[in-house]
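Grab a pencil and work through these exercises on one protein model. Try each task before you read its solution.

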Amino acid sequence: MAAAVRHRTVEANGISMHVAEAGPAGATAPAVLFVHGFPELWYSWRHQMEHLAARGYRCVAPDLRGYGGTTAPPEPTSYTIFHLVGDLVALLDALELPQVFVVGHDWGAIVSWNLCLLRPDRVRALVNLSVAFMPRRPAEKPLDYFRRACGDDYYVCRFQEPGVEKEFTSFDLKRFFKLALIVQTTGSSAMSLKKMRASNKEITLPPWLSEEDISYLASVYAKTGFAGGINYYRCFDLNWELMAPWTGAKVLVPTKFIVGDGDLAYHLPGVKSYIHKGGLKKDVPMLEEAVVIKGAGHFIQQERAQEISDHIYNYIKKFHTSVSSPKLSRL
């Protein structure tokens, strides 16, 4: 797969973005934009890129702002949802892609939900993984929710502390990624740096994760650090303030949502009932299906690579015949 991936740097929205691509390079092929989460890179989509490239899709997977080979501004306020959505829109403009299929995971799902909310004209259809749409709740800021639901030791709350990114320097990064990618805990234990550092248990990698995968992530993060990704979390409440005009707005894009039943994001208070009792469908009226995969965890596109690739392909392929160019009147 590595030989089939093309890498380049694209100037977009005032930053330089590292972009991995696979499949046809021309403008005529249907394009899929893959949006990764934390602590990940474009690399998380390697299986889906190979699968869809082989079926004629142009696959585009950037390192997001603050990650990998993409510019990482130092100020936390440079990571608002407007910056992140703006980066993707500018990237599509630079690649001359007026409309794409979008696939997001974790923070990439949050960015993708908001891309569809703010610029639905750029998205043919959406497949989001792990993190459901989070409508703005005027009565409660996001960090207040996380503290109430999971406690002050929850990693989202701890990431608000200045300098917390320096704690990663004391980790063996290979060990950190092994622990992070196979995590199955929820609540305050999830992504707990203190508990991960204190853990001395032997780690056996699952079949879907190789030493080569771990080495790649560790080598990149050894150069970049974690500040960029952590700054996304520091903008939760700022995004809540900035998104006030979109309170009650709906995501009006054809959508499929997929989550593992062992995903920590699926077990946050209120999430299951929101997904299964009509809340998600109300906020995303064009939601066609919400799939719960038994026995799957958070990093589902890697853990269940073939299954997720099939879900994505089977969903987006049906839009090829349903999307047509507008006809001009002869009158």
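Below are four exercises, each with a worked solution.

This is a predicted model, so local features need pLDDT of at least 70, side-chain atom pairs count only at pLDDT 80 or more, and totals for chains, interfaces and linings use all residues. Residues are numbered from 1 along each chain as its sequence is written, and side-chain values use heavy atoms, with hydrogens and water left out.

**Exercise 1. Check the length of helix α3 against its expected span.**

Step 1: Helices are DSSP runs of H or I with at least four residues, and strands are runs of E with at least two, both numbered from the N terminus. Helix α3 covers residues 107-118, which is 12 residues.
Step 2: The expected span is 1.5 Å times one less than the number of residues. For α3 that gives 16 Å.
Step 3: The end C-alpha atoms of α3 sit 16 Å apart, so the model agrees.

**Exercise 2. Work out how many residues of α3 are buried.**

Step 1: Take the cut-offs: buried is under 20% relative accessible area, exposed is over 50%, and partly exposed is in between (1.4 Å probe, protein chains only).
Step 2: Apply them, and 11 of the 12 residues in α3 come out buried, leaving the helix mostly covered. Among them are Trp107, Ile110, Trp113 and Leu117.

**Exercise 3. Place the salt bridge between Arg58 and Glu21 in the fold.**

Step 1: A salt bridge needs a side-chain nitrogen of Lys or Arg within 4 Å of a carboxyl oxygen of Asp or Glu. The structure has 15 of them.
Step 2: For Arg58 and Glu21, the N to O distance is 3.0 Å. Arg58 belongs to strand β4 (residues 58-62) and Glu21 to strand β2 (residues 15-22), so the pair ties together parts that are 37 residues apart in sequence.
Step 3: Now the cover: Arg58 is buried because its relative accessibility is 4%, and Glu21 is buried too, at 3%.

**Exercise 4. Compare the cover of the two partners in the Asp152 and Arg147 salt bridge.**

Step 1: Start with the contact, where the closest N and O atoms are 3.8 Å apart.
Step 2: Asp152 has a relative accessible area of 55%, so Asp152 is exposed. Arg147, at 34%, counts as partly exposed.
Step 3: One last item on shared partners: salt bridges join Arg8, Glu21 and Arg58 into one network.
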